[in-house]
Amino acid sequence: MTEWFKRFSLSLFSDDRAKSSAKFGFGNVLLTSFLAVVFILLGIYAGETVPFASYYNRAHEFREFLYSAFDTGITVSVNDNKAVISRNGKSVDINSLSDEEDARYSVNGYHLFVNSVNVVDAFDDFEAYCVGDGGEIDYEKYLALGESEKKNYRFAVRYTGRVKEITDVEGYLQYLKGLNSEEINNKLKELEGTDNYKRGVYALYVQSYYPDMSSAAGEAVPTLRNYYYLQTLKTDGKYLCLFGDMIVGSFSAGGNKISYGGMYKQGNALDGRDSVDEFIKGTFYDASSATFILGLVNGVSVIAFTELITVGVMLLGFAVCKLRKKGACQKFADSARIVASYAHVAALIAAVVTLCLSFAFAAASLIAYLSFATILIIRTVVLIIRDRAE
C-alpha cells in the first residue's frame, strides 16, 4: 500500500515510479482521470471567484460610478432573499442608457439599470412587426398578406422595457380554443387551477400567435431579462444592473473585463455610498455556491477538455516512442498508464497556478487548460528524453 501511494503521488517527479505504472491495471487510470477533472474544475472555480475582491478594489472608475449613483437616495433592503429597491421611499426604475433624465447616473462611461421587479419572471410588453423590402409593417398587416408576399418579410420584435400586464385572458383563451389543437387544449387543462394560470395562458398565446418568436427574440416569450441583456450589449461591458431578483454587472480592472453576478442574502443591504463596497462584494460571494453548482452543471466541457488533453499527451508519448522504436511508451496502453500516473498531480499544480495567475488575468479556464497541458507535455517529453539516454 505504501509503495502504491508513493507511485500514485510521486510519479510526476520520478521516472522510475512513472514507468512502473505501466505494469498495473487501468484502475489507476480511471482514478487519476477523475481526480484531474476535479482539480481542474476546482481551479477554475477558485480562479473565477477568489480574485473578485482584488479586481473590484482596483476598479477605481467603476467604484466612482457606484458611489455617485448610490449617493442619491437609492437604498436596497433584502426580504426573503429578494431586493426591495427604493429611492427616497419610492420604487425606482432607472435606465441611464435610454432615458435622458437618468443619464445623470452615467459616470466614467458606466451605465446604471435599476428595476425593482423580478426580471427573470416579468414579461416584456413587446411590439411585434415585420421587415421587408417595402420597409416595416405591423404584424397584423403581415398576417393579411398572401403567402407569396409574406416571403418578402421577416418577423421581428421590439422590446419596450415595460412589464406586460396580463389582462385579456379571455381573449387569449378564445384565440387558443379557436385553433382546435389537441396539444394546446391539453396544456390549457394542465394550467387550470394553478398559480401560473394567467401567465401560462399568455405564454401559450404568444407561442401560437407568433410562431417565429423564438428565432427572432431568442426566447419563447419576451422577458425583461432579455430586454436588459440587449441594453447591456450597447454599453461596451461597463454597467451595473440592480433588479429585484438579481444583480449583474461588468467592469474594467487591471486590463481585464470582469463580469459580475450576485445574489441577495438577508442582512446584505445598501444604504448610501459608505455601504457600496460591502454590498457589491457581499452579493458576489453570496452567489458563490450557486456559481459552483452552475459549474458542476456545465462540467461536461471541463471533462471534455481535461480528458482530451490527457489523451492527446498519451498519444504524443506513444507516437514518439513508436517512431524511435524505444522507450516505455511504445504501446499505447503503457503510454496511457504512465501519463495517467501523474495527470492528477499535474492537474493539482495547474489548479494552484490558475488561482495565482487569475489575480492578474481574468481567464481562469484558459489558464487551467494551458497550465495542465504544459505540465503534462513537459513531464512526458522529459521522461522520453531521459528514457532515450539510458
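This is a short tour of the internal spaces in the structure above, stop by stop, for you to follow in your viewer. Keep in mind that the model is predicted.

**Stop 1: the largest pocket**

Start by selecting Gly249, Ser259, Tyr260, Gly261 and Phe284. These residues lie nearest the centre of the largest pocket, among the 33 that line it. The space here comes to about 800 Å³.

Now colour by secondary structure and look at what surrounds you. Three strands each give two or more residues to this lining: E9 (239–243), E10 (247–253) and E11 (256–262). Helices H3, H4 (52–58), H12 (224–232) and H14 (288–297) do so as well. Which element provides the largest share of the lining? Select E11, and you have it: this strand brings 6 residues.

Next, try colouring the lining by residue class. You should find 21 nonpolar residues, 9 polar ones and 3 charged ones.

**Stop 2: the second largest pocket**

Select Leu41, Ile44, Glu48, Gly295 and Val302 to move on. They lie nearest the centre of the second largest pocket, whose lining has 14 residues. Its volume is about 250 Å³.

Two helices from the previous stop come back here. H3 and H14 each supply at least two residues of this lining, as do helix H15 (299–324) and helix H17 (364–389). Highlight H14 in particular, since that helix gives the most, with 5 residues.

By class, this lining divides into 8 nonpolar, 5 polar and 1 charged.

**Stop 3: the cavity**

For the last stop, switch to a clipped or slab view. How many cavities of 30 Å³ or more does a search of the whole structure find? The search finds 1, and about 90 Å³ of space lies in it.

To centre your view there, select Arg7, Ser21, Asn28, Arg337 and Ser341, the closest to the cavity's centre of the 13 residues that line it.

Then show the helices around them. Helix H1 (2–10), helix H3 (27–49) and helix H16 (332–357) each supply at least two lining residues. Pick out H16, which gives the most, with 4 residues. A last colouring by class shows 5 nonpolar, 6 polar and 2 charged residues around this space.

**Before you close the viewer**

Select H3 once more and follow it through the tour. This helix gives two or more residues to the lining of the largest pocket, at least two to that of the second largest pocket, and at least two to that of the cavity.

Terms used: Residues numbered from 1 in each chain as written. Predicted model: local features only at pLDDT ≥ 70, side-chain atom pairs only at ≥ 80, totals over all residues. Heavy atoms only, no water. 1 Å grid on protein atoms, 1.4 Å probe; cavity = no way out; pocket = protein on both sides within 12 Å on 5 of 7 lines; lining within 4 Å. Points joined across faces, edges and corners; volume = space filled by probe spheres on them. Nonpolar A, V, L, I, M, F, W, Y, C, P; charged D, E, K, R; others polar.
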